[in-house]
Amino acid sequence: MSKRKREVEDGSDAGGKKYPRANLSAQRQSFENVLERSKQRLFQALKLARGFERQKLGRRQKVAKEAGDDGDSERLAAEVTALK
């Protein structure tokens, strides 16, 4: 028994397959939504990492001050400023 052929609709990709334009616009919109959500997640993760880095640098500054190491203390202060 032979297979049924699909009807040809307007719009096509590079492979020569035909797809309806409405489907392409829906796929594009879906892709843009996924991309926007991914950007938001990335920025949230970077913001969280920045907070952890700030905590780590603060702890290192405290240890450097207690040890009396002015060179490390100044360098860490510059790193904190750059982190902001």
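Helices α1 and α2 are roughly antiparallel to each other, a label given because the angle between them falls in the class over 145 degrees (angles under 35 degrees count as roughly parallel, 65 to 115 as roughly perpendicular and the rest as oblique). The structure is a predicted model, in which local features need pLDDT of at least 70 and side-chain atom pairs count only at pLDDT 80 or more, while totals for chains, interfaces and linings use all residues. Residues are numbered from 1 along each chain as its sequence is written, and side-chain values use heavy atoms, with hydrogens and water left out.

Two packed helices are described by the angle between their axes and the distance between the axes. Here the axes of α1 (residues 21-67) and α2 (residues 70-83) come within 9 Å and cross at roughly 160°, where axes are lines fitted to C-alpha atoms over the stretch in contact and angles run from 0 to 180 degrees between N-to-C directions. The crossing is left-handed, meaning that the near helix is turned anticlockwise from the far one by less than a right angle. On the α1 side the contact (heavy atoms within 4.5 Å) is made by R50, E53, R54, L57, R60, Q61, A64 and K65, and on the α2 side by D72, S73, R75, L76, A77, E79, V80 and L83. By class, this contact has six nonpolar, two polar and eight charged residues, with Asp, Glu, Lys and Arg counting as charged, Ala, Val, Leu, Ile, Met, Phe, Trp, Tyr, Cys and Pro as nonpolar, and the others, Gly among them, as polar.

Three residues of this contact are set out below, with buried meaning under 20% relative accessible area, exposed over 50%, and partly exposed in between (1.4 Å probe, protein chains only).

| Residue | Helix | Relative accessible area |
|---|---|---|
| S73 | α2 | 15%, buried |
| Q61 | α1 | 17%, buried |
| R60 | α1 | 37%, partly exposed |

Leaving aside neighbours within four places in sequence, S73 is in contact with Q61, A64 and K65, whereas Q61, on the same terms, is in contact with R54, S73, L76, A77 and V80. R60, again without such neighbours, is in contact with R75 and L76; R60 and S73 are 13 residues apart in sequence and 8.3 Å apart in space, C-alpha to C-alpha.

For the protein as a whole, the secondary structure comes to two helices and zero strands, both being DSSP runs (H or I of at least four residues for helices, E of at least two for strands) numbered from the N terminus. Buried residues make up 8% of the 84 residues, and among contacts between residues at least 6 apart in sequence, 16% join residues at least 24 apart.
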